[in-house]
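Work through the exercises below with the sequence and the model side by side. Try each task before reading its solution.

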Amino acid sequence: MLLRVPRWASEYRVARLVDVIAPRLRRFTAARVLDVGCGLGRVTTRLQHEFAGFDFKGIDTVVQSEAVIPVERYDGVKLPFEDRSIDVVMLIDVLHHAADPVRLLRECGRVADSLVLVKDHVCESRYDWLRLAGMDWLGNRPFAIPMTYRYFSRREWRAAFADAGLECTTWEIGLGTCPPPLGTFLERGLQMVAELTPRSR
């Protein structure tokens, strides 16, 4: 039997992610929001309750039977949406699973009209990598989600955003998505969120 993240820890993470994302959606009176790599859709379903007038869609390369929102499968390369047809594109802990993160970022920038919101990890040392790999394995192995164990440093993130044609307008590190006291040992300095806009807009 595979180890799984305890339900209480998972619920804490989801609630904290909603706290991080919601303020960034409040600038919109209504919006089309695409959750790329939505997984079970638990973050999106909570956001739906707070932003009832928004149109949320979930898309992923692996559709989980336990998903709590409708999820459309895609090939991980081409998003099945027209240019600038989505107001906000969210990538929550997705890019470190992608075979080509820059290509996926560029594709998200193509369909985004206003904002690409990235929540992911920052890895600056071997110790950071060991913590991230352990959490990644524990959180994703039970769902057969592909893992690359490739995590970007701050410098690599800046380069990836630039290569994808995106401008980083805000950047925050230290999100507190692990419940205390675990976060003190497992998460410090590893979690980031970035707001990006396509340079041509």
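**Exercise 1. The centre of the sheet**

In which sense do strand 4 and strand 5 pair, and over how many bridges?

*Solution.* Start with the ground rules. This is a predicted model, where local features need pLDDT of at least 70, side-chain atom pairs count only at pLDDT 80 or more, and totals for chains, interfaces and linings use all residues. Residues are numbered from 1 along each chain as its sequence is written, and side-chain values use heavy atoms, with hydrogens and water left out.

Step 1. Fix the terms. Helices (H or I, at least four residues) and strands (E, at least two) are DSSP runs, numbered from the N terminus. Two strands pair if DSSP finds at least two bridges between them.

Step 2. Read the pairing. Strand 4 and strand 5 are parallel, with six bridges. Leu91 faces Val118 of strand 5.

Step 3. Follow the connection. From strand 4 the chain passes through helix 3 (residues 101-111) to strand 5, a right-handed β-α-β crossover. Right-handed means that, with the strands pointing away from the viewer, the path from the first strand over the helix to the second runs clockwise.

Step 4. Turn to the other partner. Strand 1 (residues 32-36) is joined to strand 4 by four bridges, in parallel. Here Val36 has Leu91 of strand 4 as its bridge partner.

Step 5. Check burial. Buried means under 20% relative accessible area, exposed over 50%, and partly exposed in between (1.4 Å probe, protein chains only). In strand 4 (residues 86-92), seven of the seven residues are buried, so the strand is largely enclosed by the rest of the structure.

**Exercise 2. The whole sheet**

Give the strand order of the sheet, and name the strands at its edges.

*Solution.* Step 1. The sheet is open, has seven strands and mixed pairing, and runs in the order 3-2-1-4-5-7-6.

Step 2. Strand 3 (71-73) and strand 6 (166-173) stand at the edges; each has a single partner strand, so one side of each lacks a neighbour in the sheet.

Step 3. From one strand to the next, the twist averages 20 degrees. Axes are lines fitted to C-alpha atoms, for helices over the stretch in contact, and angles run from 0 to 180 degrees between N-to-C directions.

Step 4. Locate the antiparallel pair. Strand 5 (residues 112-121) and strand 7 (residues 191-198) run antiparallel, joined by six bridges. Lys119 has Val193 in strand 7 as its bridge partner.

Step 5. Add the helix. Helix 5 (residues 154-163) packs on the sheet and touches strand 5, strand 6 and strand 7; its direction makes about 150 degrees with that of strand 6. Contact means heavy atoms within 4.5 Å.

**Exercise 3. One residue of helix 5**

Is Ala160 buried or exposed, and which residues does it touch beyond its sequence neighbours?

*Solution.* Step 1. Ala160 belongs to helix 5. Its relative accessible area is 3%, so Ala160 is buried.

Step 2. Leave aside neighbours within four places in sequence. Ala160 then contacts Val102, Leu105 and Phe152.

Step 3. Compare sequence and space. Ala160 and Arg103 lie 57 residues apart in sequence, but 9.2 Å apart from C-alpha to C-alpha.

**Exercise 4. Aromatic pairs**

How many aromatic pairs does the structure hold?

*Solution.* Step 1. Rings of Phe, Tyr and Trp (its six-membered ring) pair if their centres lie within 6.5 Å; planes under 30 degrees apart count as stacked, over 60 as edge-to-face and the rest as tilted. The structure has six such pairs.

Step 2. For Phe54 and Phe56, the ring centres are 6.2 Å apart and the planes stand at 25 degrees, so the pair is stacked. Phe54 is buried at 11% relative accessibility, and Phe56 is buried at 11%.

Step 3. For Trp129 and Tyr149, the centres are 6.4 Å apart and the planes stand at 55 degrees, so the pair is tilted. Trp129 lies in helix 4 (residues 126-140) and Tyr149 in the loop between helix 4 and helix 5, so the pair ties together parts 20 residues apart in sequence. Trp129 is partly exposed at 25%; Tyr149 is partly exposed at 27%.

Step 4. Ring pairs also link Phe152, Trp157, Phe161 and Trp171 into a cluster.
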